[in-house]
Amino acid sequence: MKRKFTIKSLISITENFNNLWHLLQKLTFGLYFVIGTWLVFTTITLVFASFRPVDAFFVLGGSIRREIYVVQQAKQYPQIPILISHGSPDPCIWLIFQRELADLQNVWLEKCANSTFENFYYSILILRRWGVHKVMLITSQSHLPRAKWMAQILLGAHGIWVEPEIVQESGIPGNRESRLKTGLDLGRSLFWAILSQIIQPQCLNVTRLAEVDMQAWQHRGFKCERQGELTR
């Protein structure tokens, strides 16, 4: 009796294992199917978006020259919104736009990001709310190719086509790109590209440029990069 019970138990365990294995196979196949369908749909969306005109300027913070460049774009295309992710101090950007007599109403400053990854992390939701399909990514040569690849992964995962625009810098860039840094950022970008389809963090520190309180900043004091050639 003891031997019969042992054999039956072994058969039962084997059957349960096989059932579990088949279930895992079905779940894996289902997951591959969902991801595959999403990739095909996203690719088609990106192809169509690539033929559309730019409908947002996205500036990665790090150099005042990028903001000097985008103000020229703002003068040519005042109807296109501008998102500056953790750029120069607010009053410095305000002074650049005022000096060039550019409209301030369509410019937003995102101040939550503290890294290139977070530039995209917090900006995805903003761009999606704007209904953006194609962005001009404004950055510098010293920021490449990492920033470009991260933008293509993170924004592309949401059907937003990226058109890089490289701003020329003078002097010695403050940042240095390394293979390790690039690899780590691309790795977490791939992970977040999928996770961000469900989780969408919101930055609570977004200010319209026209609403910057210059009087308060004058009392508080601020400094701008010399390359901006700004006078208060």
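A residue is called buried when its relative accessible area is under 20%, exposed when that area is over 50%, and partly exposed in between. The exercises below apply this to a predicted model.

**Exercise 1.** Describe the overall make-up of the protein chain, and state what share of its residues count as buried.

*Solution.* Begin with the secondary structure, which comes to seven helices and six strands. Next, follow the sequence, along which these elements take the pattern α-β-α-β-α-β-α-β-α-β-α-β-α. Finally, turn to burial: of the 232 residues of the protein chain, 40% count as buried.

**Exercise 2.** Decide whether Leu24 is buried, partly exposed or exposed, and describe its surroundings.

*Solution.* First locate Leu24, which lies in helix 1 (residues 2–50). Its relative accessibility is 41%, and therefore Leu24 counts as partly exposed. Then look at the surface, where Leu24 joins Phe17, Leu20, Trp21, Leu23 and Leu27 in a nonpolar patch whose members together have about 630 Å² of accessible area.

**Exercise 3.** Work out whether the length of helix 4 (residues 116–129) agrees with the expected span, and examine its form and burial.

*Solution.* Since the expected span is 1.5 Å times one less than the number of residues, the 14 residues of helix 4 should span 20 Å, and the 21 Å between its end C-alpha atoms agrees with this. Helix 4 nevertheless has a kink of about 40°, centred on Ser123. As for burial, ten of its 14 residues are buried, so helix 4 is largely enclosed by the rest of the structure; among these buried residues are Phe117, Phe120, Tyr122 and Ser123. Just after helix 4 comes Gly131, with a positive phi of about 75°.

Methods
Residues numbered from 1 in each chain as written. Predicted model: local features only at pLDDT ≥ 70, side-chain atom pairs only at ≥ 80, totals over all residues. Heavy atoms only, no water. Patch = residues over 30% accessible without salt bridge, like charges linked within 9 Å, V, L, I, M, F, W, Y side chains within 5 Å. Areas by Shrake-Rupley, 256 points an atom, 1.4 Å probe, with all protein chains shown as cover. Salt bridge = Lys/Arg side-chain N within 4 Å of Asp/Glu carboxyl O. Helix = DSSP H or I, 4+ residues; strand = E, 2+ residues; numbered from the N terminus. Buried < 20%, exposed > 50% of the residue type's maximum accessible area, 1.4 Å probe, protein only. Bend = angle between axes of the 7 residues up to and from the residue.
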